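Dear colleague,

Please find below the structure that I am handing over to you. My findings follow directly after it.

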Amino acid sequence: MLPPWPGGRPARPTGRGPDAVLFDRDGTLIEDVPYNADPELVRPLPGAREALDLLRARNVAVGVVSNQSGAARGRFTRFGIEAVRRRMEALLGPFDVWAICPHAAWQGCQCRKPAPGLVYAACGRLGVSPRRSAVIGDIGTDMAAAHAAGARGVLVPTPVTRRAEIAAARECAPDLLSAVRAVLATPEGRPS
């Protein structure tokens, strides 16, 4: 796993809702451009800024947990990942933590989703329990990582989400803002 980026901060528990919400990057917060390391190609998805600002207004930590196997495949370096991060923060506001897995699936690491390593790393840097956190993503590996870490998972399906992933998801939302509102509406961010 890549070392943490600047900006990690301890979460300030809010009492209701989660202490942290962690988002998948591609297909959840920004358009999914395969192996993107070009900041000019970063396009936020509809509702992303509003959803993030809603969490920030409630003093909920926000973070990104993202597989970036293009690094292992030699398609880009950490500098490309960092350029996209800076562009995302310029468009969507600051994130409290970033946890990035630079490995390919064949490398068998414990940080790559569906393993829970990225969720554990992000929660550890924030000083929060995964059980008081939620993961929002667009594919089954996002939900599997959330479940394995003990976090709540909310799937926001896109055209690339498989039907089987939707059927297997414990919770789905039609869009990013609805997912965030659902997480905020329940005690400790857990479904009732």
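Are R152 and E171 buried or exposed? In this predicted model, both residues are buried. Their side chains meet in a salt bridge, with 2.4 Å from N to O. R152 belongs to strand β5 (residues 152-155), whereas E171 sits in the loop between α5 (163-168) and α6 (176-184), so the salt bridge ties together parts that are 19 residues apart in sequence.

The count of salt bridges comes to 12. One of them is formed by the side chains of D24 and K113, at 2.9 Å from N to O. This pair links distant parts of the chain, 89 residues apart: D24 is in the loop between β1 and α1, and K113 is in the loop between β3 (97-101) and α3 (117-126). D24 has a relative accessibility of 8% and therefore counts as buried, because buried means under 20%. K113 is buried as well, with a relative accessible area of 3%. There is also a network in which salt bridges that share partners join E82, R85, R86 and E89.

I would also draw your attention to R25, found in the loop between β1 (20-23) and α1 (48-57). At 1% relative accessibility, R25 counts as buried. Its side chain meets that of D26 in a salt bridge of 2.9 Å, N to O, and D26 is itself buried at 14% relative accessibility. The R25 side chain also reaches the backbone oxygen of N36 at 3.3 Å. Leaving aside neighbours within four places in sequence, R25 is in contact with several residues, including I30, V64, M88 and W98.

Yours sincerely

Definitions and conventions. Residues are numbered from 1 along each chain as its sequence is written. This is a predicted model: local features need pLDDT of at least 70, side-chain atom pairs count only at pLDDT 80 or more; totals for chains, interfaces and linings use all residues. Side-chain values use heavy atoms; hydrogens and water are left out. Helices (H or I, at least four residues) and strands (E, at least two) are DSSP runs, numbered from the N terminus. Buried means under 20% relative accessible area, exposed over 50%, partly exposed in between (1.4 Å probe, protein chains only). A polar contact is a pair of N or O atoms within 3.5 Å; within protein, one must be able to donate a hydrogen and the other to accept it, and residues adjacent in sequence count only if both atoms are side-chain atoms. Contact means heavy atoms within 4.5 Å. A salt bridge is a side-chain nitrogen of Lys or Arg within 4 Å of a carboxyl oxygen of Asp or Glu.
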